[in-house]
Structures are given as C-alpha cells and as structure tokens.
Amino acid sequence: TLKALIFDVDGTLAETERDGHRVAFNQAFAEAKLDWNWSVDLYGELLDVPGGKERIRFYLEKYQPHLEKPENLDEFISSLHHLKNQYYRDLLASGTIPLRPGIKRLIQAAKTAGLRLAIATTSALPNAMALLEKTLNPDWFEVIGAGDIVPAKKPAPDIYYYVLEKLELTPQDCLVFEDSHQGLKAATKAGFKTIVTVNNYTQNQDFSDAALVVNHLGEVDKPLTCLAGKLEG
Ligand code: XBP
Ligand code: MG
C-alpha cells in the first residue's frame, strides 16, 4: 500500500535549471571575473553531471583544459558554487520560478490522504529549502535528503537509501517523482517505482524503467487514485 511520496527537486517540483541555476552560475562567473558563459544548449549537456560543484569541475576539465588550475581547486570550486547559490536563492526569492503544474494539488491531496512526504535531491540543502519555503512548506516533508549528506550523488542510489532509512519504509510503500534519467536510475536502483515528468532538457532521455512518463501532472484527474494505481502490478 502507498504510504509515502518522495520528490526530486530540480526539474520535478519546479523548472529550476534553465532560468534558475544556469543564470545564477553565469552571474557567479561574472562576479568572479571569469569570462565563462553557460548557454541554454551547453547547460543541457552539463546537466548530465548532477551536482553543482561536480558540474563546475566537469566544465573546467572539458571546456577550460588550458586554464591554469588554481592552487586549491576544491576551494576554488566550492567558493564559486557558494556564490552561485547566493544568486540562485535571490532568484527564488524574487518569485520567478513557480512550481510545475499539478505539484501543489498532488501534495495537498497526499497530505489530506495522510501520506508521508519526503525529498531526495542532489541539490544543496539550502537551495532545496529555499524553494520549499517559497512555494510549499518545508515542514510538510518528514525527510529532506539533499546534496552532500551522501557522498555519491545521483545516478547513485545513495540519497534514496538515505531517505528510505529515515522513513523506515520499504520501496514498495513509496512512489518517487523524477524528471531525469539520472534521477530515475538512482530511484530504480534503490527499488522504487518512479513517475517521470519530463521537461525540455530531459524529454529525449531513456525512461524505460519508469512506471509512468508524462509531460507534467497538471492534467491528472484525481492524481492520488490514478498514481497509486501505478503501484499495483
Ligand atoms: C539537480 C542537480 C543540481 C542542480 C544544481 O538535482 O543536479 O545539481 O542542477 O544544484 P535534483 P546545486 O534533480 O536531484 O534535484 O548547485 O545545489 O548542486
Ligand atoms: Mg531533477
């Protein structure tokens, strides 16, 4: 029986990437006097590397191979990431990044039905919290698994194992919501059934392991009854 819903954050709760994280990365690069610009297209490729710090490191290696490496590379990357996160949270605070269609309705229906709610994201915890504070309510989520709390980010299943352990449930009791193949891989490896809501960046990815693939949840009538049906069989 269905006892809990577990949500990914970026791309699933809201379209945070193109007009959120990406823009904030570019603002941070400008402030750091780096002439890097992550275009909408390039960011689509970079998104395949989950985690902001991991993404900067990948970009450095692939696109700036001749740049003289800073003496303390880890520190350089994490200060750049920190700067980007400040810009990102400013963007969130300005209210320009809404929830995806159907998310609020589904979460409210789940609360009414007494389901438990949790978050499993690769995003840094303060970033996830800022989005939840602006759009929903962090207190509704019993477990918020985020960022560096586990060493291996998605597509590794670690963040899902972490959330599962905190909830003290089995994967069969839960339904996961993801938007990307990396996220689906992580959830599937941990044993969950997953509903994928695709977006522009992820629409051509392989979702053959998903229980259901939709463009968004905005048109699902009686979302809980419909989605819980996906758990059977
Ligand atoms: C998506 C990510 C994140 C964000 C940036 O995570 O890969 O890295 O792009 O966030 P998810 P940070 O879909 O699992 O929520 O800079 O905070 O890592
Ligand atoms: Mg995602």
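**View 1. Domain 1 and domain 2, with C-alpha centres 25 Å apart.** The domain assignment, which is automatic or from a database, splits the protein chain into domain 1 (4–15 + 99–229) and domain 2 (17–93). Their contact draws 14 residues from domain 1 and 14 residues from domain 2; two residues are in contact if their C-beta atoms, placed from the backbone, lie within 7 Å. This is a predicted model, where local features need pLDDT of at least 70 and side-chain atom pairs count only at pLDDT 80 or more, while totals for chains, interfaces and linings use all residues. Residues are numbered from 1 along each chain as its sequence is written, and chains are lettered from A and ligands numbered from 1 in the order in which they are written.

**View 2. The side of domain 1 that touches domain 2.** Helix α6 (residues 125–135) gives the most here, with five residues; helices are DSSP runs of H or I with at least four residues, strands are E runs of at least two, and both are numbered from the N terminus. By class, this side of domain 1 has five nonpolar, four polar and five charged residues. Ala, Val, Leu, Ile, Met, Phe, Trp, Tyr, Cys and Pro count as nonpolar, Asp, Glu, Lys and Arg as charged, and the others, Gly among them, as polar.

**View 3. Ligand 1 and its shell of 17 residues.** The closest are D10, G52, T121, T122 and A124; a residue makes the shell if its C-beta atom, placed from the backbone, lies within 6 Å of the ligand. Three of the shell residues are nonpolar, ten polar and four charged. Both domains chip in residues, so ligand 1 lies between them.
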